[in-house]
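Me: I'm new to this structure and would like a close look at a single part of it. Could you pick one helix and walk me through its surroundings?

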2 protein chains.
Amino acid sequence: MRIAIVGCGQLSRMLALAGLPLGIQFSFIQDDISQNRDCVEGLGIIQKSPMKLEDNSGYDAQAIAQLYQDLGAPDCITVEKEQVDLALLQALAIFCPIYPSVEAIKGCQHRGQEKQLLAKLNIPTSPYFYNQSALEAVKVLGYPVMVKSCTEGYDGKNQWLIKNQADAEQFDQLGADDYIIEAFVAFDKEISLVSLRNKRGQIEHYSLTDNHHEQGILRHSIAPAVNISDATQLQAQGYMERLLTELDYVGVMAMECFVIGEELMINELAPRVHNSGHWTQLGSITCQFENHIRALAGLNLGNTKQIAVTGMLNLIGTEQPPFDALTENSKLYWYNKAVKAQRKLGHINFIGENQQAIREKIAQFESL
Amino acid sequence: MRIAIVGCGQLSRMLALAGLPLGIQFSFIQDDISQNRDCVEGLGIIQKSPMKLEDNSGYDAQAIAQLYQDLGAPDCITVEKEQVDLALLQALAIFCPIYPSVEAIKGCQHRGQEKQLLAKLNIPTSPYFYNQSALEAVKVLGYPVMVKSCTEGYDGKNQWLIKNQADAEQFDQLGADDYIIEAFVAFDKEISLVSLRNKRGQIEHYSLTDNHHEQGILRHSIAPAVNISDATQLQAQGYMERLLTELDYVGVMAMECFVIGEELMINELAPRVHNSGHWTQLGSITCQFENHIRALAGLNLGNTKQIAVTGMLNLIGTEQPPFDALTENSKLYWYNKAVKAQRKLGHINFIGENQQAIREKIAQFESL
């Protein structure tokens with residue numbers, strides 16, 4: 001069996017490393033020529049995606065057929081990111097299935113469409129306006145509000161906080177397009193749920209995870225999340241099941257949520273393996289990467305049961321693999337990427353007695 | 001960091017797959033031109049070892065220097081098998097450390113020397129004679145006895161059972177050389193201990209494992225072994241610690257033992273990761289492969305604690321990866337080798353409630 005992945009980053013790397021033991025072969029589509037390929041170098045065939053037609057209407061059919069052959073005629077194709085050219089996926093879908101489907105990726109790719117999907121399924125999300133004047137939006141939402149580009153945002157990029165009338169006027173003068181203005185939610189904390197579904201409709205969930213962001217970038221996660229009632233957990237799983245079923249979803253999906261008292265509000269969906277699920281590599285019987293591959297391959301899903309309280313710390317801008325910091329109860333995952341400030345270059349997973357012990361280990365590591 | 005491994009088989013494959021996540025790069029020495037390279041294809045540089053000098057005295061120094069460069073100038077070299085040409089390792093040792101050391105590999109490579117090492121450390125092993133006439137040997141050992149080639153034996157190859165005088169006479173007429181004649185041991189069962197030591201002398205053990213062989217080939221393992229007293233377990237660990245310390249050993253070592261009542265008798269040592277430790281990939285927090293790499297790299301060893309009762313079933317001669325047999329609580333490891341009767345082509349690890357449940361799963365699988 002051969003699986004092709006769109007993207008050459010660390011998620012593709014970890015998917016391949018989880019799938020190679022099963023005898024599955026991988027190939028990778030470099031869909032952005034500025035993209036670093038080091039993460040997946042040596043793990044399979046790497047092919048650049050062809051140029052779009054000059055009129056931007058799509059791709060040359062022959063070039064796509066050639067790409068499919070050059071990828072080794074994969075049995076299916078998946079993605080490591082939602083910001084993928086849908087026309088490329090649609091063109092490739094003639095040759096083999098795309099998992100999750102192009103429709104599912106499309107639904108999570110655009111913040112406006114994602115909000116509509118959530119509304120349709122009666123899943124709470126923060127109030128928002130699409131392409132509205134900021135001055136108009138704040139009449140309903142009040143200050144502050146957050147402006148987010150519908151398609152370009154990740155790791156806190158392309159987001160602006162509007163705190164007052166001056167900010168709102170300034171934004172309106174920019175002539176921006178394809179954005180949402182979201183009400184500011186005074187949440188207690190951020191959690192996420194990583195779940196998956198296979199072709200037969202089997203759904204499994206990982207433990208809810210506490211996530212700590214700084215400057216819009218995930219710094220660390222700890223699972224299971226603390227102070228979450230059974231009811232809230234079931235609520236999160238229920239929302240996820242509605243989404244996965246509605247989208248006839250195949251693979252791993254992540255759902256980022258704000259916790260407000262006993263209620264959840266969905267902040268964002270990711271139709272792929274997710275940074276807040278990296279802890280599963282050490283803390284669960286089967287990690288999110290292997291389970292994504294199992295789902296694509298039509299296999300039974302692996303046990304998602306957690307074996308110990310686990311933390312994940314992103315290594316951001318760390319220049320060398322921090323071998324010396326490894327202990328009996330921690331593991332290192334290094335991405336082989338060129339070093340750059342604020343770039344995720346690896347992560348460490350820790351297991352420990354309880355969440356407090358994990359927090360202390362993380363604080364200790366961060367102070368090194 | 002780069003590590004080179006002598007050998008291109010499944011153990012090299014699994015070592016590389018366990019080390020790649022740490023950002024370590026691998027290269028492989030194909031020391032036997034008849035050897036299949038498919039297991040490690042794509043996981044790193046593969047280089048053939050140079051030819052020996054015509055007078056068999058060793059290797060051309062320049063060819064070895066070239067090999068070392070072609071391997072990417074590794075930081076250290078390890079082996080996936082004990083039957084390695086020691087002259088090749090000695091020649092390479094000029095450029096970087098060999099772990100475990102050439103002396104340690106030598107000590108486990110030759111059955112006669114292995115017996116001497118065990119005797120020196122006061123570790124029990126079955127009575128034997130080296131290069132003795134079978135007719136003479138049986139006067140002391142009685143019938144039956146087992147004749148084993150000192151260097152060529154694995155998976156039950158190059159072993160002969162001598163049941164009576166006719167067999168003994170026939171053997172003596174063969175003019176065999178470099179063999180041992182071992183007393184037949186009426187053991188209760190076969191177990192193994194897989195342990196490891198790093199450069200700082202830290203030693204860790206995995207659980208004792210029950211092993212079931214057929215025709216000299218390991219069919220399945222279950223860990224932890226049943227009906228083993230704490231005293232017996234401590235005895236096994238004590239023997240292992242004596243061995244690892246005596247050899248100033250770095251890496252994973254496996255010790256196969258016969259259990260006779262409360263006593264252990266050492267059958268064989270393997271200076272490498274071992275088939276009876278494959279269950280650790282699913283059943284332990286850190287598997288034997290990652291821990292071997294950690295030991296070589298001078299890192300803290302990972303936790304060897306067992307997370308669930310685990311079984312390992314070798315897939316012998318199975319033509320295709322048995323994807324359909326995978327369940328929530330099992331994982332597949334496929335080696336990408338050419339199919340051949342009686343060849344190990346992959347394995348499955350299972351976790352379960354208890355040893356009985358695992359035995360049933362294995363029986364169920366074997367009957368498919």
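**A helix and what covers it**

Reply: Happy to! Among what covers the buried residues of α2 in chain A are β3 (45-48) and α3 (86-92) of chain A. Please keep in mind that this is a predicted model.

Let's start with the helix itself. α2 of chain A spans residues 61-70, and its buried residues are A:Ile64, A:Leu67 and A:Tyr68. Looking down the axis of α2(A), you would find these buried residues within an arc of 100°, so they line one face of the helix. Turn to the other side of α2(A) and you meet A:Gln62 and A:Gln69, which are exposed. So the picture is of a helix with one face lined by buried residues, and with β3 and α3 of chain A included in what covers them.

Now follow the chain just past the end of α2(A): there A:Gly72 takes a positive phi of about 90°.

It also helps to step back and see chain A beside its partner. A turn of 180° and a shift of 0.0 Å along the axis lay chain A on chain B with an RMSD of 0.0 Å. The two copies are therefore related as by a two-fold rotation axis. If you want a landmark for that axis, look for A:Gly42: of the residues of chain A, its C-alpha comes closest, at 2.9 Å. As for how the copies meet, 100% of the interface residues of chain A are also interface residues in chain B, so they meet through the same surface.

Definitions and conventions. Residues are numbered from 1 along each chain as its sequence is written. Chains are lettered from A and ligands numbered from 1 in the order in which they are written. This is a predicted model: local features need pLDDT of at least 70, side-chain atom pairs count only at pLDDT 80 or more; totals for chains, interfaces and linings use all residues. A residue is buried if 20 or more other C-beta atoms lie within 10 Å of its own, exposed if 12 or fewer, and partly exposed in between; C-beta atoms are placed from the backbone. Helices (H or I, at least four residues) and strands (E, at least two) are DSSP runs, numbered from the N terminus. The arc is that of the directions from the helix axis to the C-beta atoms. Two residues are in contact if their C-beta atoms, placed from the backbone, lie within 7 Å. Copies are superposed by least squares on the C-alpha atoms of residues with pLDDT of at least 70 in both.
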